[in-house]
Amino acid sequence: MTHENVTEFILLGLFNDEDAKAICFVLFSLCYLAILSGNLLILLTIMGSCLSEQPMYFFLSYLSLMDVCFTSTVAPKLIRDLLVQQKTISYNSCIVQMFYAHFFGATEIFILVAMAYDRYAAICRPLYYMIIMRRQVCYVLVIVSVIGGFIHSIVHVLIIIELPFCGPNKIDHYFCDIFPLLKLACMDTRLLEIVVITTTGVLSILTFVALIISYIIILSTLRTQSSKGSRKALSTCGSHITVVFMFFLPLIFTYVPTAYTISDSKVFALFYTMIAPMFNPFIYTLRNTDMKNAMKKVWCQDKLSKGS
């Protein structure tokens, strides 16, 4: 490692207004509690019901797990720092936080792609669906998502640990991310910024466009059908598309087109680190009859069995 004299960083956070910090402490604490309870509710409901046998809910359980892990790499530190004056983080902890944030975030992206593929197979290839999306394939897609997330994250870590940090140590963000760290390096990082924009920004755009195209194909297929099943599939796809937009658009605004819009990226980062994970459980449950029925069976059954 060549971080030289810098052994810790100071996170500048979202803002300096003390009154706003107190309000945001309560607000973000409630958001984090909602993220944990909502996503764990979905995860435990799927694991405790027959929904786990269906590929769509199999992937949804992993998406909920990624939401919990992704937010937990950022939210506890963000909430704690709202109460303290000196928001420091050690060099090693900063690198670890960046690794896990990118690892869980990238894995979530790949799982969203797997979910789109599942919906495409279910709606556009219904006769072959059980063959295409057999359980072994689902496990392979999850493993590939994890490997893809790891590769993406480790590349960013390798870029940062080779950089010298010998001057300012104030990170203009509320968590350790690659662009704010590149700005602090004691060398010209313009080429590295282009590499990051290419690997993260362009990859996000291409994935987002591919997902939108796939859902357009799915929706056009559903238009030719007129049944209760197609309406149910349309509702499910609507939930997926909403999540894709909520997650990808802020991500794209953060990493594209330039590395110099850091002040805006803090606000955009809130959407994919806090807001999207908080709304995902509502999006996937409020309009999903199968999920609501499974919750009644799993949780109400437990209460009845305890009362008997």
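**Exercise 1. The second largest cavity**

Determine how the lining of the second largest cavity in this predicted model divides by residue class.

*Solution.*
Step 1. List the lining: Leu11, Gly13, Leu14, Phe15, Leu78, Asp81, Leu82, Lys87 and Tyr174 border the second largest cavity.
Step 2. Assign the classes. Leu, Phe and Tyr count as nonpolar, Asp and Lys as charged, and Gly as polar.
Step 3. State the result: the lining comprises six nonpolar residues, one polar residue and two charged residues.
Step 4. Add the volume, which is about 70 Å³ for this second largest cavity.

**Exercise 2. The largest cavity**

State how many cavities of 30 Å³ or more the structure holds, and describe the lining of the largest cavity.

*Solution.*
Step 1. There are two cavities of 30 Å³ or more in the structure.
Step 2. The volume of the largest cavity is about 210 Å³.
Step 3. Its lining consists of 18 residues, and those nearest the centre of the largest cavity are His102, Ala106, Ile109, His152 and Leu251.
Step 4. Consider the helices. At least two lining residues come from each of α4 (91-124), α8 (190-223) and α9 (228-255), and α4 gives the largest share, with six residues.
Step 5. By class, the lining of the largest cavity contains 11 nonpolar residues, six polar residues and one charged residue.

**Exercise 3. Helices α2 and α4**

Establish the relative direction of α2 and α4, and then describe their contact.

*Solution.*
Step 1. Helix α2 (residues 55-72) packs against α4 at an angle of about 165°, and the two axes are 9 Å apart.
Step 2. Angles over 145 degrees count as roughly antiparallel, so α2 is roughly antiparallel to α4.
Step 3. The crossing of α2 with α4 is left-handed.
Step 4. The residues of α2 that take part include Phe59, Leu63, Met66 and Phe70, and their counterparts in α4 include Phe104, Ile111, Leu112 and Met115.
Step 5. The contact of α2 with α4 contains 15 nonpolar, two polar and four charged residues.

**Exercise 4. Helices α1 and α2**

Carry out the same analysis for α1 and α2, from their packing angle to the residue classes of their contact.

*Solution.*
Step 1. Helix α1 (residues 18-47) and α2 pack at about 155°, with 9 Å between their axes.
Step 2. Because of this angle, α1 is roughly antiparallel to α2.
Step 3. α1 passes α2 in a left-handed crossing.
Step 4. Among the contact residues are Tyr32, Ile35, Leu36 and Asn39 in α1, and Tyr57, Leu60, Ser61 and Ser64 in α2.
Step 5. In the contact of α1 with α2, 11 residues are nonpolar, five are polar and one is charged.

**Exercise 5. Helices α6 and α8**

Find the relative direction of α6 and α8, and identify the residues through which they meet.

*Solution.*
Step 1. The angle between helix α6 (residues 135-161) and α8 is about 175°, and their axes lie 12 Å apart.
Step 2. The two helices, α6 and α8, are therefore roughly antiparallel to each other.
Step 3. From α6, His152, His156 and Ile159 meet Leu192, Val195, Val196, Thr199 and Thr200 of α8.
Step 4. This contact of α6 with α8 holds four nonpolar residues, four polar residues and no charged residues.
Step 5. Relate the contact to the largest cavity: His152, a contact residue of α6, is also one of the residues nearest the centre of that cavity.

Key. Residues numbered from 1 in each chain as written. Predicted model: local features only at pLDDT ≥ 70, side-chain atom pairs only at ≥ 80, totals over all residues. Heavy atoms only, no water. 1 Å grid on protein atoms, 1.4 Å probe; cavity = no way out; pocket = protein on both sides within 12 Å on 5 of 7 lines; lining within 4 Å. Points joined across faces, edges and corners; volume = space filled by probe spheres on them. Helix = DSSP H or I, 4+ residues; strand = E, 2+ residues; numbered from the N terminus. Axes fitted to C-alpha atoms, helices over the stretch in contact; angles between N-to-C directions. Parallel < 35°, antiparallel > 145°, perpendicular 65-115°, else oblique. Left-handed = near helix turned anticlockwise from the far one by under 90°. Contact = heavy atoms within 4.5 Å.
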